[in-house]
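Here is a friendly walk through one protein chain, from its overall dimensions down to a single pair of helices. Have the model open beside you as you read.

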Amino acid sequence: MVGMQDRVYSFLLFSIFLQMGYSQQTISGFVKDKGSSSPLVGATIRVKGHEQIGTITEINGSYSFDVPVETESLIFSFIGYQRREIPISEIKDAVVFLSVSATFLDEIFVVGYGTIARSDISGSVSKIKKEDIEGIPVHSLESTLQGQVAGVFISNNSGKLGQNIDVRIRGSASINASLEPLYVMDGMVINSSDQISMGDLRLNPLADINSNDIESIEILKDASAAAIYGSRASNGVIIITTKKGVVDATRINLDMNVGWSDPTRKRKWLNASQYLELWDEAFANVANTDGQLVGQTGEQWKDKWLPGWRDGYDTNWEDLMYNEKAGQKQLQLSMAGGNEKTRFYLSGGYSDQTSIVILNSFERLSGRINLEHRANAKLDFGMNMSLARTLKEVAPSDPDYAAPAGIIGQSPVQPLYDPDNPNELFDSTVYFHSRFYIDNTELTNVNLRTIGNAFLNWRPLENLTLHTDFGLDLLSIKAERFYNSKVARNTREPNGLKRTRSIQNYNYSVNNYANYKIQKQEQHLDITAGMTFQELNESRLVVAGRNFPNDDFQNLSSAGEIFSGVEDETAFSVLSWFARLNYNYDQRYLVSLSSRIDGDSRFGKDNRYGFFPAASLGWVISEESFYKSKKFLSYLKFRGSWGLTGNTPLERFPALGLFTGTRYAGGSGIIQTQIPNPNLKWEKTRQIDVGIDFGLMKDRISGQLDYYIKNTEDLLLQVNIPSTTGFPRQLQNIGAMKNKGFELVLNSYNLTGTFKWRTTLNFSKNANKISNLSGQVIESGVSFINVSRAIEGQPIGVFFMPEFAGVDPNNGDALYYLNKPLDNGQLDKSTTNNLNEAQRVIVGDPNPDFIYGFQNTFSWKGLELQVLFQGVHGNDIYDGGGRFQQDGFGWFDNQDIRMLGRWQQPGDQTEVPQVRFRQGTFHSSRFVEDGSYLRLKNISLRYEFPLKLIKKIGFRQLTIYGSGQNLWTKTNYSGRDPEVNTDFGVFFTSGNIASGLDFFTPPQAKTIVFGLKVGF
């Protein structure tokens, strides 16, 4: 094996210097819009049969490049236009006109282990191009997809930077396994597992990737498209293709922008006078006849717990959770070029973002090199590699007192700064708060990540290509949490506390496959077969110390006591074989067959291998001779697919009995941490998809319709087991889940002349139901917000709690429906003021009924305006913070402004109970609200200066632009932001169940960016 590798490496090095000369000719001309005769900037010209040889047009639509003398024809293409193939004899110095095509039938899609034209697709695949994501002010690539792809629900859970973004393709298909899609970048499966911080936050694993380097993103949604990836494809596949070099003069591009951010919305709280009025009222409502409670008057209670309340302070604590200097600075420099033999793309990027909330920032420095070399007509090879250093300042999780938004619980009658020492924070507030952390802590995660692969393509026969590649994803994480003596009120460590964690992830893969194509008259056959191997190793070291000499000594070597240390290592591997056959007869009848066999080390030895087949059919009825409707219905294709995909456990050794070393009474020992389950097997999802692709009025309007059914069986479920085993749960294959839905995509070229107007609409409806749990009761597992549950016959994660029935107008008591089952099968809807008597029932569903997005693009000469709206409808949100923010002064927390509408006297009609000091409130449907919203997700305006004005100063391109994100939101949700899910992270027994929860969670950022692009 080693000898073979040495020979391959030597061959690659030799080939780099191998040059085989041949005669060339120079071809030049212009490419223009047929409707308006305006030049098409960035149109692509390729040599037929040697697609790696090509160029793109300049701002005036011109091009010039060298091609081999034996070239017979060139292929001209541009996004949104019909592709043309023209003989070389008809091209020299000529103007080539391209016509608008809304169906993009010649658009090429990257799919598993190959590419395919849109016209040949019989499955469900969507594509996002670089033009669709340029200028969007986000720090992670998932956000660029939001509102742009049917069937893909993306949620930024809060306004904190660097945290995980949920991506759901056609619904949730698991309870305990991953719900995230499989991510493939330049042919390599990358590590997309959540990075869990030391505060148990889910950090975004894709934030290390610079979205400015992305050429296209393909989303494989149905099983026929995704099954080629077998394992982990139950949640769909997202394929990322990065930019490549061009056969042309070297092009240098510089993109700079700067932006400012604010919260999308702030909540309203009681001011000082309102606070004191309601607090006094709440105290009086529970005090005895002497005006006392527990032997103290109201004045005495406030003097003890609210020092400074007599001094007239009126502090707006909500504003103090936000960062006044929130915004971003980004710089991207790239170079692309090459000739007919070697192409290259180089880039470097810097992003510096300051969150809208304190204690949170994101900084990324990245670089990329993509290199391709054609040694001769039969052999080419290359590499794709990115390097990134990401620095995240990680704010504490929402339930922590020191979380940014937790500061709103403070009383407005207390000051921020100590009146006796204005340079110090006031240390006698009701609760510890986040402003103490600003100068007294170090809460950082530093990622160093390398993602790359080297590949080789050999064509020993005319139609046969042999491909091999080796991919590597290296991730090093260093997390540090240092707390000095000034925050001892929260840490309970008077002399400082330090925790540090080091994680090393080593993920590599090898892909080998062959592709054979046959084209004979009307018949086109494309066969791919191969194997792949992937292994991921992870090691972790965690050390903690305390009792530092003073606050200036922050390294663990200075700690007086090292009180904790953990070291572990884990791994898994996957060995796979796959094959796919695509058949196309006369562009009318399409057949695709694929299969994959995956062997995964995480399963029991007798169930390690899974078989994942898929098939799809397509019929282009508009190509039939009997079809007479081409004047109106210019294109019509029916397609259908069936396939089986798999999902794997999040744990690395779930089928094995595990033991670990431990310490006890100064000695060491061994304890069992997991009992074995040798019968553990794959979680499998069967999916059926039927769809229609259509074009109207010569493709001025085009679209897609899809209906799908996804059935997941053998759920990987943490099952409750008898306590006599010594363990509470075990991962087993129990249960089933179903998703079914409908998707619609419409593209319309409303105007195609000098002034262009294009509209894109997508709509998706998904219904989720848990069909079988074998009697298991599964809850989210968080004691103070344990309201989410998985229930047979219901969608995943429904809210399960007492049902609020309003306020008793006679005495101001909160009322609840009893909801006890009656003999007739109905529920008793009589009410009680005793929460303990009310039965828990389903009171809400966090899953949306449907999601949608629509975008309009207007362009006139060099001016372009894009407007994208994104919406979610029918989902519920549980405001878990309402227990404290609307509890009628269960303690001294400030209250939501709505508490002014509380019950005060008999006959009052209100939904706010009487305020009662120290009575508090509990989970109920009172805090469940409609989370539907419509949002102006992004708006951008750009202007490209005419080439004739800028070429004299040496510019090839000069563009100024501005964009805004989340500028306007329409919602009935009373919280800060309807796009929310609190960041409890691994606090949950089942994070898939817990969604739509708001618990002192910061809102999304509203961002405005101005930038400049320069091309040389």
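With 1016 residues, the protein chain would be expected to have a radius of gyration near 31 Å if it were a compact globule, and its value of 31 Å agrees with that. Bear in mind that this is a predicted model. Taken along the principal axes, the C-alpha atoms fill a box of roughly 105 × 70 × 65 Å.

Turning to secondary structure, the protein chain holds 58 strands and 8 helices. It is also divided into two parts, domain 1 and domain 2, with domain 2 assigned in several segments. Their C-alpha centres lie 35 Å apart. The bounds are as follows.

| Domain | Residues |
|---|---|
| Domain 1 | 2-102 |
| Domain 2 | 153-244 + 255-263 + 324-406 + 415-668 + 684-803 + 838-886 + 921-1015 |

Now for the helix pair. Two packed helices are described by the distance between their axes and the angle between those axes. How do helix H4 (residues 272-284) and helix H5 (residues 298-305) cross, and within what distance do their axes come? The axes cross at roughly 125° and come within 10 Å, which makes H4 oblique to H5. The crossing of H4 past H5 is right-handed.

On the H4 side, Leu276, Trp279, Asp280 and Phe283 make the contact, while H5 contributes Gly298, Trp301 and Lys302. By character, the residues of this contact of H4 with H5 comprise 4 nonpolar, 2 charged and 1 polar.

Conventions:
Residues are numbered from 1 along each chain as its sequence is written. This is a predicted model: local features need pLDDT of at least 70, side-chain atom pairs count only at pLDDT 80 or more; totals for chains, interfaces and linings use all residues. Side-chain values use heavy atoms; hydrogens and water are left out. Domain bounds come from an automatic or database domain assignment. Axes are lines fitted to C-alpha atoms, for helices over the stretch in contact, and angles run from 0 to 180 degrees between N-to-C directions. Helices (H or I, at least four residues) and strands (E, at least two) are DSSP runs, numbered from the N terminus. Angles under 35 degrees count as roughly parallel, over 145 as roughly antiparallel, 65 to 115 as roughly perpendicular and the rest as oblique. A crossing is left-handed if the near helix is turned anticlockwise from the far one by less than a right angle, and right-handed if clockwise. Contact means heavy atoms within 4.5 Å. Ala, Val, Leu, Ile, Met, Phe, Trp, Tyr, Cys and Pro count as nonpolar, Asp, Glu, Lys and Arg as charged, and the others, Gly among them, as polar. The radius of gyration is taken over C-alpha atoms; the globule rule is 2.2 Å times the number of residues to the power 0.38.
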